[in-house]
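Keep the sequence and the model side by side while reading this report. It goes from a metal site to a pocket, then to a cavity and a few backbone details.

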Amino acid sequence: MIDFEDLDNAEGETELSPPELFAANLIEWSLERHASDLFVSDIDGAVLISVRRLGRIEPVRKLARDYGRRLQGHLRVIAGADAGESVRPVEGRGNITTPDGSKAHLRLSSLPTLYGQDVSIRLFDPVRGARPLDQLGMDSVDVESIEHLIDQRSGLILVTGPVASGKSSTLYAMMKRLNDGTRKIHTIEDPIEHALSGVMQSQTNTRLGLGFAELLTVVLRHSPDVIMIGEIRDRQTAETAIRAGASGQLVLATVHSTSTAEAVDMMLQYDSDHQFLANALSGVINQRLVRRLCPVCRKPSSAPHDDGEIPERIRCRMQDAPPSVFDPFGCHLCHEGGYDQLIALPEIMLVDETIEAAIAKRVCATELETICAEDGMLRLAEVAHSYVLRGLTSLDEINRAVTDPHIASMRRRGNKSG
Ligand SMILES: [Zn+2]
């Protein structure tokens, strides 16, 4: 196996191996570490390999420029793109079987930059890619809430959160459960990330004028039971999705916002009929991804935590376990990083009569959030707090993912005493 992490060895790569073998080994190495992206980028005087793993960039190795460029060319060949194109951006996609026999789908984009090219590859691991709901890292009570939402025959379910918050993994997990052969399922995606056997998946194509709204109109003529819309970002798609959800179809969609209440607000900006949305909406899942502490090497934190401070709402998530805060350490199992995987952190709004009435009454997002919390919804920050108190993740990690004054002050106290 090639020593990829020899970061400063930019010499002698011609003796390493032919670039095609190096490329296959590099992809295998990246998949083993569950990297989501692989970058082979011209920098000043060399070519830098880096990966995005658990949401963060990690530099891997520098290559001599000539060898690095041959590697870039070979990666473009794997993706079915023009190997020699260096002036215009190129895109491609392809499948690779790595030397150890694992298969991956990759999507490549190559962009001319100051020193040459930036080759960016998205890796789709078919084994880990479309995980079932109970393997996303959510609490079982949250998994049950989502199952309750999708077990209904109709209604609109929104999944929301910023970029890279795991929205599509949650959508795919929901569809995996729905895809049992008893429903006609259509998706409209940009891009299609995983193929789901038996599901009618359509890719948007702006060049042909086939956006989400146009494809949705056609999909509705195909007698769907379930429709998944990759993203609602215009009035026409929003209106059609709401009406489909209110008239007998189950509609799953993502919308860009930072809280469940804000997602409702966002939909109302597209479609001002409060009553219609209140009728159609059955739930909103707002989520973030956080890195899970490696359970093998995490170490107890010196941050003080006062038992008496834990509110009852959070305590019920602890299942009577004593609160224990942990920090990352590092071992061979987590590749010395202290964290081993990304887990979903959800805030789930289940629309009942109280919330339906509030939406129909046009309350503002802040007020809606208060009503939902009083109605039993755990806010994102509260679920985050419970993750920290159970040692699932660290205070630093949560503080990065969730803005909350209580979590920030816990972290400050921890830093002072540590
Ligand atoms: Zn570890």
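## Zinc site

Cys 297 is buried, with a relative accessible area of 9%. The model is predicted. Cys 334 also counts as buried, at 1% relative accessibility. The cut-off for buried is under 20% relative accessible area, so the label fits Cys 297 at 9% and Cys 334 at 1%.

Both cysteines hold the zinc ion. The full set of donors is the SG atoms of Cys 294, Cys 297, Cys 331 and Cys 334. Their distances to the zinc ion run from 2.3 to 2.4 Å. The angles between the four donor atoms are 103 to 113°, and the arrangement is therefore tetrahedral. Along the chain, the donors of the zinc ion follow the spacing C-x2-C-x33-C-x2-C. Cys 297 and Cys 334 are 37 residues apart, and this pair links distant parts of the chain. Cys 297 sits in the loop between strand E12 (281-293) and strand E13 (299-300). Cys 334 sits in the loop between strand E14 (326-327) and strand E15 (339-350).

## Pocket between two domains

Where does the second largest pocket lie? It lies between domain 1 (19-124) and domain 2 (133-294 + 338-378), because both give residues to its lining. The volume of this second largest pocket is about 390 Å³.

The lining of the second largest pocket has 14 residues. Glu 91, Arg 93, Arg 107, Leu 108 and Ser 109 lie nearest the pocket centre. By class, the lining holds seven charged, four polar and three nonpolar residues. Three strands each supply at least two lining residues: E4 (90-97), E5 (103-113) and E6 (116-124).

## Enclosed cavities

There are two cavities of 30 Å³ or more. The second largest cavity has about 60 Å³ of space. Its lining divides into nine nonpolar and two charged residues, with no polar ones.

Which helix gives the largest share of the lining of the second largest cavity? H8 does, with four residues. Helix H8 (260-270), helix H11 (353-360) and helix H12 (365-374) each supply at least two lining residues. Ala 261, Val 264, Asp 265 and Leu 268 are part of the lining. So are Ala 358, Ile 359, Arg 362 and Val 363. Cys 364, Ala 365 and Leu 368 complete the list.

## Backbone details

A cis peptide bond joins Asp 190 and Pro 191, with omega at about 0°. Pro 191 is in the loop between strand E8 (185-189) and strand E9 (200-203).

Next come two residues with positive phi. His 34 has phi near 55°, although His 34 is not a glycine. The residue lies in the loop between helix H1 (19-32) and strand E1 (35-43). His 34 is partly exposed, with a relative accessible area of 36%. Leu 54, also not a glycine, has a positive phi of about 50°. Leu 54 is in the loop between strand E2 (46-53) and strand E3 (56-63). Is Leu 54 buried or exposed? Leu 54 is buried, at a relative accessible area of 11%.

Notes. Residues numbered from 1 in each chain as written. Predicted model: local features only at pLDDT ≥ 70, side-chain atom pairs only at ≥ 80, totals over all residues. Heavy atoms only, no water. 1 Å grid on protein atoms, 1.4 Å probe; cavity = no way out; pocket = protein on both sides within 12 Å on 5 of 7 lines; lining within 4 Å. Points joined across faces, edges and corners; volume = space filled by probe spheres on them. Nonpolar A, V, L, I, M, F, W, Y, C, P; charged D, E, K, R; others polar. Donors = N, O, S within 2.8 Å, 3.2 Å for Na, K, Ca; no water. Tetrahedral: all angles 85-135°; square planar, octahedral: opposite > 155°, others 65-115°. Buried < 20%, exposed > 50% of the residue type's maximum accessible area, 1.4 Å probe, protein only. Domains from an automatic or database assignment.
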